Amino acid sequence: WLPLKMLSQIMPLAIAAFELLLPAMIEGWLPAYKPAIPAIRVLIWGSLFMGFAISTKPFIVAINGQKSVLGFYLASIALNIYMSVTLLRSGFGILGAAVGTTIAYGFCSLALLGFAFWKIGWKPRVVLSKMLSLYTPALVIAASVILLPSFASRLFPSIPPELITILRISTYTVCLLIFFWQFRGLLDER
């Protein structure tokens with residue numbers, strides 16, 4: 001449990017840092033890919049789900065649940081194809097494909113974690129509590145680093161982009177400080 005909990009704290013911070021640097025990296029090194037930045041941002045956050053799935057899979061295989069893993073992966077692939085095609089046909093373009101892929105990653109992650117927690121013998125209420133504690137840091141960090149600056153720029157359109165960038169970096173820094181404060185508690189759980 002502790003490795004998953006630590007991953008749930010560390011990975012969103014790493015994703016947020018990469019997401020903050022992404023536009024500058026693309027503009028500097030790969031300017032032809034600038035239109036893909038929104039889709040890349042969605043996929044970056046979706047990688048959090050795959051981090052949980054990859055971390056959970058060895059446990060499930062160790063308890064002879066590889067057929068279940070295969071079933072969850074096949075269902076995720078089917079969901080990815082369905083969502084991506086549906087969103088592409090709805091006019092969302094590459095962003096729709098990224099959202100479809102992220103939804104499939106989320107399904108795969110939730111299915112594998114739920115199955116693993118069920119095999120451990122945790123009751124549904126405990127499973128729900130554990131899932132919420134794993135995903136809450138990512139939701140808080142994503143909301144503070146992405147949504148807060150987006151709302152600020154819409155509410156106050158005269159704010160210069162540089163100030164929005166400063167707001168994003170500031171909220172990321174606050175999240176980083178909160179992480180270090182919580183990280184001590186995680187180490188105490190050992």
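In this predicted model, helices H2 and H4 run roughly antiparallel to each other, because the angle between them is about 170 degrees, over the 145 needed for that label. Their axes lie 11 Å apart. On the H2 side, the contact is built from Trp-45, Leu-48, Phe-49 and Phe-52, and H4 answers with Leu-134, Tyr-135, Ala-138, Ile-141, Ala-142 and Ile-146. Sorted by class, that contact comes out as 10 nonpolar residues, with no polar and no charged ones.

H4 also packs against H3, and here the picture changes a bit. The axes of H3 and H4 come within 10 Å and cross at roughly 135 degrees, which makes H3 oblique to H4. The crossing is right-handed. H3 brings Ser-109, Leu-110, Leu-113, Gly-114 and Phe-117 to this contact, while Val-127, Lys-130, Met-131, Leu-134 and Tyr-135 come from H4. The mix this time is 7 nonpolar, 2 polar and 1 charged.

Several of these names turn up again in the largest nonpolar core, which has 26 residues; Phe-52, Leu-113, Phe-117, Leu-134 and Ile-141 have the most contacts inside it. Helices H1 (2-29), H2 (37-62), H3 (66-120), H4 (124-155) and H5 (161-189) each supply at least two residues of this core. Apart from that core lies another one, of 8 residues, including Ile-60, Val-69, Cys-108 and Ala-116.

Phe-52 is a handy place to start looking around. Leaving aside residues up to four places away in sequence, Phe-52 touches Leu-4, Leu-7, Ser-8, Ser-109, Leu-113, Leu-134 and Tyr-135.

Terms used:
Residues numbered from 1 in each chain as written. Predicted model: local features only at pLDDT ≥ 70, side-chain atom pairs only at ≥ 80, totals over all residues. Heavy atoms only, no water. Core = buried A, V, L, I, M, F, W, Y, C linked by side-chain atoms within 4.5 Å. Buried < 20%, exposed > 50% of the residue type's maximum accessible area, 1.4 Å probe, protein only. Helix = DSSP H or I, 4+ residues; strand = E, 2+ residues; numbered from the N terminus. Contact = heavy atoms within 4.5 Å. Axes fitted to C-alpha atoms, helices over the stretch in contact; angles between N-to-C directions. Parallel < 35°, antiparallel > 145°, perpendicular 65-115°, else oblique. Left-handed = near helix turned anticlockwise from the far one by under 90°. Nonpolar A, V, L, I, M, F, W, Y, C, P; charged D, E, K, R; others polar.
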